[in-house]
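Got the structure loaded in your viewer? Let's take a walk through some strands and rings together.

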Amino acid sequence: MPRFRMTVEYDGGPYVGWQRQENGPSVQGAIEAAVLSLTGETVSVRGAGRTDSGVHAMGQVIHADLSKEWSPYQLQNALNAHLRLAGERVSILDVEAVPEFFDARFSALKRHYLYRIVSRRAPLALDAGKAWWVPKTLDHEVMHAAAQRLVGRHDFSTFRSAHCQANSPVRTLDRLDVTRSGALIEIRATAQSFLHNQIRSFAGTLKLAGEGKWTPDDVEAALAARNRKACGPVAPPDGLYFLQVDYPEVITDRRRPLTDTDDGDDLS
């Protein structure tokens, strides 16, 4: 069956998350419904990572197997038309025909996330539901310095949800940068995979550093504690975006050895 890779953008606000669930609408369910309306086929689409309720995406990657060949351009336009008619807050940004051994999840090398904080006295209007409003000044340089204590391969038990289903809390964090432009503070994280609520746990903890309540040493001590109780408050989902997924330039059917990404829910 022809396999198609798609890059997807969505507003996570109306959905219970990426994964299809019985307690409300999901992004996965919206795309599968669009495929059904277009082709009459019931398919299961697979994503590069699962996002939690309220989390957004600028570059989620999925794949789907269809029974007939489509030109990528036609498939993209047709699916977007069905999503729009259904009132979904989901858009297919790109479609590409790929070999049958491409897997949106298991072929991924790196995942990139963005967390947005607006640090100002005035409440949000345009960014309501799209960023975390913190009505005080945060020191982004201290936040960045604290973030560097978390980069590398560590046991991240402190920074994962109690409901995380990953077999191991050990992950390799390649990047955790904090920058500021005006009132907007951006936290950018890169790793092969993430634990459930890991980035939101980072964001909430780094906010404490930005407020002056914690030092970089405190953040490092929280990491070393390997205890969820040592974590700062979990930041809200509004500011979190699944930004991008990296894949090898050439996808082969050679199977990767089991790594960080193969045992966890990556539900950020």
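**From a hairpin to a set of rings**

Start at the hairpin of S8 and S9, where two residues sit between the strands and Gly182 takes a positive phi near 65 degrees. Keep in mind that this is a predicted model.

Now look along the two strands of that hairpin. Strand S8 covers residues 170-181, and eight bridges join S8 to S9, with the two running antiparallel. If you want one pair to click on, take Leu176, whose bridge partner in S9 is Ala189.

S9 also has S5 as a partner: eight bridges join S5 to S9, and these two run antiparallel. Here you can pick out Ile117, which stands opposite Ile185 in S9. How much of S9 is covered? Six of its eight residues are buried, so S9 counts as mostly covered.

Stay with strand S5, residues 110-119, because that is the place of Tyr113. Is Tyr113 buried or exposed? Tyr113 has a relative accessible area of 0%, so it is buried, the cut-off being under 20%. An unreviewed UniProt entry has a "binding site" annotation that covers Tyr113.

Next, the rings. Searching the whole structure turns up six aromatic pairs. One of them is formed by Tyr113 and Phe194, an edge-to-face pair with 5.3 Å centre to centre and 85 degrees between the planes. What does this pair tie together? Tyr113 lies in strand S5, while Phe194 is in the loop between strand S9 (184-191) and helix H4 (198-210), so the pair links parts that are 81 residues apart in sequence. Both Tyr113 and Phe194 are buried. And the two have company: Tyr113, Phe194 and Phe242 form one aromatic cluster.

S5 offers another ring to look at, Tyr115. The ring centres of Tyr115 and Trp132 are 6.2 Å apart and their planes stand at 90 degrees, so this pair is edge-to-face. Trp132 lies in strand S6 (residues 132-134) and Tyr115 in strand S5, so the parts tied together here are 17 residues apart in sequence. With a relative accessible area of 0%, Tyr115 is buried. Trp132 has a relative accessible area of 15%, and because the cut-off is under 20%, Trp132 is buried too.

One last stop involves a charge and a ring. The charged end of Lys68 sits over the ring of Trp70, 4.5 Å from the ring's centre.

Definitions and conventions: Residues numbered from 1 in each chain as written. Predicted model: local features only at pLDDT ≥ 70, side-chain atom pairs only at ≥ 80, totals over all residues. Heavy atoms only, no water. UniProt positions renumbered as here; feature names shortened; annotations may be inferred. Helix = DSSP H or I, 4+ residues; strand = E, 2+ residues; numbered from the N terminus. Buried < 20%, exposed > 50% of the residue type's maximum accessible area, 1.4 Å probe, protein only. Phe/Tyr/Trp six-rings, centres within 6.5 Å; stacked < 30°, edge-to-face > 60°. Lys NZ or Arg CZ within 6 Å of the ring centre and 35° of its normal. Pairing = 2+ DSSP bridges.
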